[in-house]
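Reader: I'd love a close look at one part of this protein. Could you walk me through the pocket and what surrounds it?

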Amino acid sequence: PAVLISGNVAEKGLIKAASSTFCSLVGLLKEELFMTNISKVIPRPYADQHDNFISQYLKTGIGNILNKERTKLFVRHKSGFISPVFLHVSIVPSINTGIHFLGVLRGNRFLTGPAYSITN
C-alpha cells in the first residue's frame, strides 16, 4: 500500500494519490481520500500532530522518519479499527508543486488485520 501526500505549504498533508491496496487498508475509496488530510487515517493522538511534523520538516529540512522504516505506527480504518503497520517515507520532488511525501506501508506479519478498536 502506498499514499502520496502534498508537502506544498498551501496543501500540506493532503492526499494527492493512493494505491488500491492503501484504500482497502483504510476502508475508503480513492475519491473519499483525494485532497483530504492524511490525518483522516491516522489514529489520535498522532493525527493531531501530523501537520506539525510536516511543518517542522518544511521549516528545517530535518525529518525524523524520512528514508527509514518505522514500526509502532498505526492506520485507522473507517470502521474505527486501527492496525499496526510498518511505514517508509520518501521525498518525491515535483517541479510544479514543490515536494510530496511518498508513504509505503506494509502490514505487521505478526499482527494481521484490524487489531484494536477505538472507543469513546
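Reader: How do the residues of the lining of the largest pocket divide into nonpolar, polar and charged?

Author: Happy to take a look with you. Keep in mind that this is a predicted model. The lining of the largest pocket divides into 23 nonpolar, 6 polar and 2 charged residues. The pocket itself has a volume of about 790 Å³. Among the 31 residues that line this pocket, His50, Phe53, Ile65, Leu87 and Val89 are the closest to its centre. Two or more lining residues come from each of β1, α3, β3 (69–76), β4 and β5.

Now to the core. The largest nonpolar core has 22 residues, and Phe22, Leu33 and Ile38 touch the most other members. Elements giving two or more residues to this core are β1 (2–6), β2 (15–18), α1 (20–26), α3 (46–60), β4 (81–94) and β5 (98–107). Ile38 is a good place to zoom in: leaving aside residues up to four places away in sequence, Ile38 touches Val3, Ile5, Gly13, Ile15, Phe22 and His50. His50 in that list is also one of the residues closest to the centre of the pocket.

For the wider setting, the chain holds 3 helices and 6 strands, arranged along the sequence as β-β-α-α-α-β-β-β-β. Of its 120 residues, 32% count as buried. Among contacts between residues at least 6 apart in sequence, 45% join residues at least 24 apart. The accessible surface of the chain comes to about 7400 Å², with 58% belonging to carbon and sulfur atoms.

Key:
Residues are numbered from 1 along each chain as its sequence is written. This is a predicted model: local features need pLDDT of at least 70, side-chain atom pairs count only at pLDDT 80 or more; totals for chains, interfaces and linings use all residues. Side-chain values use heavy atoms; hydrogens and water are left out. A nonpolar core is a set of buried Ala, Val, Leu, Ile, Met, Phe, Trp, Tyr and Cys residues joined through side-chain atoms within 4.5 Å. Buried means under 20% relative accessible area, exposed over 50%, partly exposed in between (1.4 Å probe, protein chains only). Helices (H or I, at least four residues) and strands (E, at least two) are DSSP runs, numbered from the N terminus. Contact means heavy atoms within 4.5 Å. Accessible areas come from the Shrake-Rupley method with a 1.4 Å probe; for residues, only the protein chains shown count as cover. On a 1 Å grid over the protein atoms alone, a cavity is a set of points where a 1.4 Å probe fits but cannot get out, and a pocket is an open set with protein on both sides within 12 Å along at least five of seven lines; lining residues have an atom within 4 Å of a point. Grid points are joined across faces, edges and corners, and a volume is the space filled by probe spheres set on the points. Ala, Val, Leu, Ile, Met, Phe, Trp, Tyr, Cys and Pro count as nonpolar, Asp, Glu, Lys and Arg as charged, and the others, Gly among them, as polar.
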